[in-house]
Amino acid sequence: GCFECCIKCLGGIPYASLIATILLYAGVALFCGCGHEALSGTVNILQTYFEMTRSAGDVIDVFTMIDIFKYVIYGVAAAFFVYGILLMVEGFFTTGAIKDLYGDFKITTCGRCVSAWFIMLTYVFMLAWLGVTAFTSLPVYMYFNLWTICRNATLVDGANLCLDLRQYGIVTIGEEKKICTMSESFIKMCESNELNMTFHLFIVALAGAGAAVIAMVHYLMVLSANWAYVKDACRMQKYEDIKSKEEQELHDIHSTRSKERLNAYT
């Protein structure tokens, strides 16, 4: 009845792909959400405390690059939402429980090509997320230096420490944007919650990118196992076809001989 149907449905769920999908969605959500808010906080810090303004015209400055990164985040969120669904569907159609639910199925050449294509595409995405993780560590390093300067300024009285944005390539060499511990803007920035919040948002975004890398590795293991299953099923399917063909030939031979004996007797 309903209990047996529920057991079959639960048995048909590819739990390995489900865990990898949840990890992927969690990592992408943390990276995109926290990364977007951290970039917005960076814009406010640059405009409020470093007194930077957007360049007029079509000049590509740090604010333009931040806007580009935001649009990239929108694209990443949409793309991996769809990709996670596709991998879940692939997991459903390659799990062994599908055979028990719907009976024997035919492994086509297209199915094997799709599994191989997903393995290659997931490997490329894993390398891409490794690059994203390395790139996300850069703002974490920058904010850690800034947070360290704020902490040292409060611990050491009279310490004159400065932070020059030219060190990180945010501004050009000819444009000096430097802030020191003795200035009022630096004190306000260190006392504000905006700096601390942006710093921790970048840390969470870095953790999300790392979770996405782990999800890609998990998907590679799942897809490789599914590929092995599909390959074995294909071999078994060929074996069953050959076996049934031989049995049919033996049956035909036996029927022919029986008819010949009957004719000879009559």
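Is T53 buried or exposed? The first legend below addresses this question, and the others turn to the nonpolar core and the annotated spans of this predicted model.

**View 1. Surroundings of T53 in the loop between α2 and α3.** T53 counts as exposed because its relative accessibility is 64%, the cut-off for exposed being over 50%. Leaving aside residues up to four places away in sequence, T53 is in contact with D61 and F63. The C-alpha atoms of T53 and F63 lie 8.4 Å apart in space, while 10 residues separate the two in sequence.

**View 2. The largest nonpolar core of the predicted model.** This core comprises 48 residues. Those with the most contacts inside the core are L24, F50, F80, W129 and M189. At least two core residues come from each of the helices α2 (15-48), α3 (62-94), α5 (109-155), α6 (184-191) and α7 (193-265). The greatest contribution is that of α7, which supplies 13 residues.

**View 3. Residues 71-93, a span annotated in UniProt as "transmembrane region".** The annotation comes from an unreviewed entry. In the predicted model, residues 71-93 are 100% helix and 0% strand. The C-alpha atoms at the two ends of this span are 34 Å apart.

**View 4. Residues 114-138, also covered by the UniProt annotation "transmembrane region".** This span is likewise 100% helix, with 0% strand, and a distance of 37 Å separates its end C-alpha atoms. The unreviewed UniProt entry gives the annotation to residues 201-229 as well.

Conventions. Residues numbered from 1 in each chain as written. Predicted model: local features only at pLDDT ≥ 70, side-chain atom pairs only at ≥ 80, totals over all residues. Heavy atoms only, no water. Core = buried A, V, L, I, M, F, W, Y, C linked by side-chain atoms within 4.5 Å. Buried < 20%, exposed > 50% of the residue type's maximum accessible area, 1.4 Å probe, protein only. Helix = DSSP H or I, 4+ residues; strand = E, 2+ residues; numbered from the N terminus. Contact = heavy atoms within 4.5 Å. UniProt positions renumbered as here; feature names shortened; annotations may be inferred.
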